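User: Could you take a close look at one helix for me and walk me through how it sits in the fold? Plain language is fine.

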Amino acid sequence: MNMLTKKHLTDVQYQVPVLETERLRLREFRLSDFESYAQWMSDPNFRRFLGKGELLNREMAWRAFCGMIGHWVLRGFGFWALEHKQTGDYVGHVGIHYPEDWPDIEIGWGLDPKQQGQGYAFEAAEKAMQFGFESLQLEALISLIVRGNQPSVNLAQKLGEKHHKVIEMMGRKVDIFRITADEYGEMVKNERLTS
């Protein structure tokens, strides 16, 4: 009987496409990103609109971190780590995911609290959305936004998403914002005509 060695268990290959914006590089996660990620997951302001709003200890943060990486292997798409081109710092994550119990494929974001308000989330989410519709040929994308999270509502609307409906999820009222491939195509066409 052949036994798997540690090398075999850790030699899983997957390819995360690297995307770039003016200020950011959307890349694969690295182990060095985890320290910042773990800090954000234990920050009440960062976590208050995520899931049930609970804080994650290091163990739970590690599982969530690994889950984002594993999503690429299982679905062929997922979250990117956002690296600031000038500083090389990990400043957040943006991506497309589809957990098993989600109502549809979602575009989501999370930014270092110290980096919020500088337009990084929009810059990266716009690039991720382009990837979703143009490379993955998705039919639609949603954003699940817990009631009261006005900055995320503003971002979803800036991306062209429209309020679709309200659902109950994880014991909270959640607004679903949605954009279809046709709506995205029309938006891109109109932007090209006006620029």
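Analyst: Before we start, one cut-off: buried means under 20% relative accessible area, and exposed means over 50%. Also keep in mind that this is a predicted model.

The helix to look at is α6, which covers residues 150-158. Which of its residues are buried? They are Ser152, Val153, Leu155 and Ala156. Now look down the axis of α6: the buried residues fall within an arc of 165°, so they line one face of the helix. Turn to the face that points away from that buried side, and you'll find the exposed residues Pro151 and Lys158.

So much for the helix itself; next comes its surroundings. What covers the buried residues of α6? The cover includes a helix, α5 (120-135), along with the strands β5 (106-111), β6 (140-146) and β8 (172-180). If you have the model open, try showing those elements together with Ser152, Val153, Leu155 and Ala156, the buried residues of α6.

Finally, follow the chain out of the helix. After α6 comes Gly160, and its phi is positive, near 100°.

To put the picture back together: α6 has Ser152, Val153, Leu155 and Ala156 on its buried side, with α5, β5, β6 and β8 among the elements covering them. Pro151 and Lys158 sit exposed on the face turned away, and Gly160 follows with its positive phi.

Definitions and conventions
Residues are numbered from 1 along each chain as its sequence is written. This is a predicted model: local features need pLDDT of at least 70, side-chain atom pairs count only at pLDDT 80 or more; totals for chains, interfaces and linings use all residues. Side-chain values use heavy atoms; hydrogens and water are left out. Buried means under 20% relative accessible area, exposed over 50%, partly exposed in between (1.4 Å probe, protein chains only). Helices (H or I, at least four residues) and strands (E, at least two) are DSSP runs, numbered from the N terminus. The arc is that of the directions from the helix axis to the C-beta atoms. Contact means heavy atoms within 4.5 Å.
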